[in-house]
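This briefing is intended to be read alongside the structure shown below. It treats strand pairing, overall organisation, the nonpolar core, one loop residue and model confidence in turn.

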Amino acid sequence: MTGGYELQRTEAKGEGVFATRSFQVGETVMVGVIDCELDHNHAHASQVGEKRFVLHGGLITKVNHSCDPNCGIHLNGAGAHDYVARQLITAGQEITFDYAMRNYSIEHFAAHCQCGSPRCRDRITGWKDLPAERKADYHGLVAPYLTAIDDQSATQQADLGQPPRCHQGIQHHPRQPRTDDLSDAVQRLDHLRARRPRQPDPPLSNGDTRALGGTTSNAAHRPPPAPGC
Ligand SMILES: [Zn+2]
């Protein structure tokens, strides 16, 4: 299917591609054609394999990102990306897709997303940073190599007998002392102090934390804050 869309200017995002007729769910909206192969990723590259990047030809390169897109991706026989409607698209609507449907990681869009969707995640992230429920929403409408990477990773974890990553840190945390443990320790310390003459404390050296109650910082063991998306 060709036609049914045109390039227009948008208010906030520069150019965009708009439907000139309606498209039903599952209908191919735009047919992808590979213009040339690239040897690296960049802002206009389409990732079609784990380490393979291409430049699509035609207006498909002008389709803007949305965090709640009306199109998904199908790999066509030529290895290019077709855009397929995942929602009913009416004439006059902008055609959009999610860059995370195509790229495993995104390093070229540092600015805040301007898609305007209520589901906007603020930062344009790649597949590896997409929340699990969004991955499920996009099922069957993303570049196949992305789900292949996830499947491969899950298989490797299962082979190693490792629990899901989010549980590993919890297993290695030392047991926190209970209140009754602490009160027993205080009682034992008081008993020892009563039996032996008090020795003056040696001077504190730089970095000695005993003056702060012997605090050993847990900060170094905490994961870094989650990215703001
Ligand atoms: Zn957004």
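In which sense do strand 4 and strand 6 pair, and over how many bridges? The two strands, the latter spanning residues 52-56, pair in the antiparallel sense, and 4 bridges join them. The model under discussion is a predicted one.

**Sheet**

- Strand 4 and strand 6 belong to an open sheet of 3 strands with antiparallel pairing, in which the order is 4-6-5.
- Strand 4 (34-38) and strand 5 (46-49) each have a single partner strand and stand at the edges, so one side of each is left without a neighbour in the sheet.
- From one strand to the next, the twist averages 40°.
- Opposite Cys36 stands Leu55, a residue of strand 6.

**Overall organisation**

- The chain contains 4 helices and 10 strands.
- Along the sequence, these elements follow the pattern β-β-β-β-β-β-β-β-β-β-α-α-α-α.
- The chain has 229 residues, of which 21% count as buried.
- Among contacts in the chain with a separation of 6 or more, 65% are between residues 24 or more positions apart.

**Nonpolar core**

- The largest nonpolar core comprises 29 residues, and Val29, Tyr83, Ile95, Met101 and Val142 have the most contacts inside it.
- At least two residues of this core come from each of strand 2 (15-19), strand 3, strand 8 (71-75) and strand 9 (81-85).
- Leaving aside residues up to four places away in sequence, Val29 touches Gly4, Tyr5, Phe23, Cys71, Tyr83, Val84, Ala85, Ile89 and Ile95.
- In soluble globular proteins, nonpolar side chains tend to be buried together.

**Pro118**

- Pro118 lies in the loop between strand 10 (96-97) and helix 1 (132-137).
- Pro118 is exposed because 7 other C-beta atoms lie within 10 Å, and the cut-off for exposure is 12 or fewer.
- The C-alpha atoms of Pro118 and Cys67 are 8.6 Å apart, although the two residues are 51 residues apart in sequence.

**Confidence**

- The chain has a mean pLDDT of 76, with 69% of its residues at 70 or more.
- Of the elements of the chain, strand 3 (residues 28-30) has the highest mean pLDDT, at 97, and helix 3 (residues 165-172) the lowest, at 39.
- Over residues 165-182 the pLDDT stays under 50, and the model has 3 contacts beyond four places in sequence for this stretch.
- Residues 200-229 also have pLDDT below 50, and this stretch has 12 contacts in the model beyond near neighbours in sequence.

Notes
Residues are numbered from 1 along each chain as its sequence is written. This is a predicted model: local features need pLDDT of at least 70, side-chain atom pairs count only at pLDDT 80 or more; totals for chains, interfaces and linings use all residues. pLDDT is the predictor's confidence in each residue, from 0 to 100. Two residues are in contact if their C-beta atoms, placed from the backbone, lie within 7 Å. A nonpolar core is a set of buried Ala, Val, Leu, Ile, Met, Phe, Trp, Tyr and Cys residues joined through C-beta atoms within 7 Å. A residue is buried if 20 or more other C-beta atoms lie within 10 Å of its own, exposed if 12 or fewer, and partly exposed in between; C-beta atoms are placed from the backbone. Two strands pair if DSSP finds at least two bridges between them. Axes are lines fitted to C-alpha atoms, for helices over the stretch in contact, and angles run from 0 to 180 degrees between N-to-C directions.
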